[in-house]
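User: I am new to this structure and would like a guided close look at one part of it. Please choose a starting place, explain the terms as you go, and connect what you find there to its surroundings.

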2 protein chains.
Amino acid sequence: MPVTVLLVDDEPLVRAGLRAVLEAQPDIEVVGEAADGAAVIPLVRRLRPDVVAMDVRMPLLDGIEATRAVLRTVDAPPKIVVITTFENDEYVYEALRAGADGFLLKRARPAEIVHAVRLVAEGESLLFPASVRQLAAQYGDDGGNRAARAVLERARLTDREAEVLRLMTRGLSNAEIAARLVVGTETVKSHVSAVLAKLGARDRTQAVITAYESGFVAPG
Amino acid sequence: MPVTVLLVDDEPLVRAGLRAVLEAQPDIEVVGEAADGAAVIPLVRRLRPDVVAMDVRMPLLDGIEATRAVLRTVDAPPKIVVITTFENDEYVYEALRAGADGFLLKRARPAEIVHAVRLVAEGESLLFPASVRQLAAQYGDDGGNRAARAVLERARLTDREAEVLRLMTRGLSNAEIAARLVVGTETVKSHVSAVLAKLGARDRTQAVITAYESGFVAPG
DNA sequence: GATCGTCTCCCCCGTGCGGGGGAGGCTCGT
DNA sequence: ACGAGCCTCCCCCGCACGGGGGAGACGATC
């Protein structure tokens, strides 16, 4: 059974673009569209999509309120990916607080969009580190890196994965981690891959950055 | 002309070990030994070594005072590498403050020791990131990561190298950095290699870690 | 004029890394 | 008894990465 997606965006062009990108995938099916947040709930009830791709900035009911409403009023609610144009969008952070499972930039490459939908459909959460960095920067020294912290909380790393990430933040190679944990390097590679996927990181360096930004490890 | 080294350690066993490791290199020559800090200055004056490998904890005159004395009283002073048994050795930090060019753990692998001697002989400074991590940890939240910070100060990165390091801490690949700086990827590779060498990092991940530990970039 | 440091780019080369799969054993909860 | 989640290990594969060299252009310094 394919992953079913409901698109919610006030711009028809964006909806069309998302539909084109997602429909190109054999395992993804766009089952409906809505132009504002107010229309989301009845549609979710009727269509029961696996994933809702939702703009944060919309008339009537924005993505934050719509996210809250869906999670509050629907049982077995869909996964929610919020979409935004800006990297520095405080709405995004609020939407994540409201329970969204990930966020996407409109200018993300099609492959990233597809990847994100599949990931959240599988129950994973995701944020793109490059965007997280921007987000975190916005909240400055006082607010702290709440956004990045949220990534890690949502990443739901297993104990082993967390341990591997910790060793990654100490600068260890896969072979060294394997030696330290007394397992095979292939095992470490598996854990590392899982960590990268869950953190939305492209490589171990980005993973370590996210770890620092999130407070998973503290410098000094 | 080979790199000439003076060994200063109160334990004959350690001196013998260092001599064995260093003499095995065709380009390194151990020109003398001393058992305590007080004997260092006349020996330095007479032998004019390129590098002094000096224990921090010694009778009569410890490595810190000996380092200060050499730098204060000898012109064209040698490079000084302090040696310690413990990763959490506050003496080490003091020695670095006193002007030492790097430090070494006694349990470091021979290749690391050789590498360190060659590096400081060439005028580079070096600390091993893994040790830095330990050092930094000791100084806790209040004292901050002074040791790691010292690495970066001593690393004397050029403007371009610092810029490249900054982009590395944003998670960019060599190709992305090249695009950002509008230069070739080979150029970026050169800068990255220089950064790795100066920071004593094995790969970009370790470099990023050092950058965070040193406060070169601040999380959040 | 010569030297030094920096920035730029080039070559070759080995390998660690990460993506894409899969698979078996284990514990735990139902 | 069964599935879910986790940990473990395996395969193949492409490529970015990093080490080792070298070299030309430019400005500053002496």
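Analyst: Let's begin at Arg48(B), which sits in the loop between helix H2 (40-47) and strand E3 (51-55) of chain B. Helices (H or I, at least four residues) and strands (E, at least two) are DSSP runs, numbered from the N terminus. This is a predicted model, in which local features need pLDDT of at least 70 and side-chain atom pairs count only at pLDDT 80 or more, while totals for chains, interfaces and linings use all residues; side-chain values use heavy atoms, with hydrogens and water left out. Residues are numbered from 1 along each chain as its sequence is written, and chains are lettered from A, with ligands numbered from 1, in the order in which they are written.

The phi of Arg48(B) is near 50°, a positive value in a residue other than glycine. With a relative accessible area of 42%, Arg48(B) is partly exposed (buried means under 20%, exposed over 50%, partly exposed in between, using a 1.4 Å probe and protein chains only). Chain A offers another case: Val182(A) has a positive phi near 55° and is also not a glycine. Val182(A) is placed in the loop between H10 and H11 of chain A, and its relative accessible area of 69% makes it exposed.

That loop leads us to the part I would like to look at closely, helix H11 of chain A. Its 15 residues (185-199) should span 21 Å at 1.5 Å a residue, and its end C-alpha atoms are indeed 21 Å apart, so the two values agree; the expected span is 1.5 Å times one less than the number of residues. Which residues of H11(A) are buried? They are Val188(A), His191(A), Val192(A), Val195(A), Leu196(A), Lys198(A) and Leu199(A). An α-helix has 3.6 residues a turn, so residues three or four places apart point the same way. Just after H11(A), Gly200(A) takes a positive phi of about 70°.

What does H11 help to build inside the protein? The largest nonpolar core (buried Ala, Val, Leu, Ile, Met, Phe, Trp, Tyr and Cys residues joined through side-chain atoms within 4.5 Å) has 42 residues. Leu165, Met168 and Ile177 of chains A and B have the most contacts inside this core. H9, helix H10 (174-181), H11 and helix H12 (204-214) each give two or more residues to it, in chain A and in chain B. A second, separate core of 18 residues includes Val5(A), Ile28(A), Val81(A) and Ile113(A). In helix H12 of chain A we also find Gln206(A), which counts as buried because its relative accessibility is 12%. The side chain of Gln206(A) reaches the backbone nitrogen of Arg202(A) at 2.8 Å.

H11 of chain A also takes part in the surfaces beside the DNA. Around DNA strand D there are 18 residues, and those that come nearest are Thr158(A), Arg160(A), Gly184(A), Thr187(A) and Arg204(B) (a residue is near a strand if one of its heavy atoms lies within 4 Å of it). Sugar and phosphate make up 70% of the atoms of DNA strand D that come within 4 Å of the protein. Three polar contacts (pairs of N or O atoms within 3.5 Å; within protein, one must be able to donate a hydrogen and the other to accept it, and residues adjacent in sequence count only if both atoms are side-chain atoms) go to phosphate oxygens of this strand: a polar side-chain atom of Arg160(A) at 2.7 Å, a backbone N or O atom of Gly184(A) at 2.5 Å, and a polar side-chain atom of Thr187(A) at 2.5 Å. Helix H9 (159-168) and H11 of chain A, together with H11 of chain B, each supply at least two residues of this surface.

DNA strand C likewise has 18 residues around it, with Arg204(A), Thr158(B), Arg160(B), Gly184(B) and Thr187(B) closest. Here a polar side-chain atom of Ser190(B) lies 2.8 Å from a base nitrogen. The elements that give two or more residues to the surface near DNA strand C are H11 of chain A and, from chain B, helix H9 (159-168) and helix H11 (185-199).
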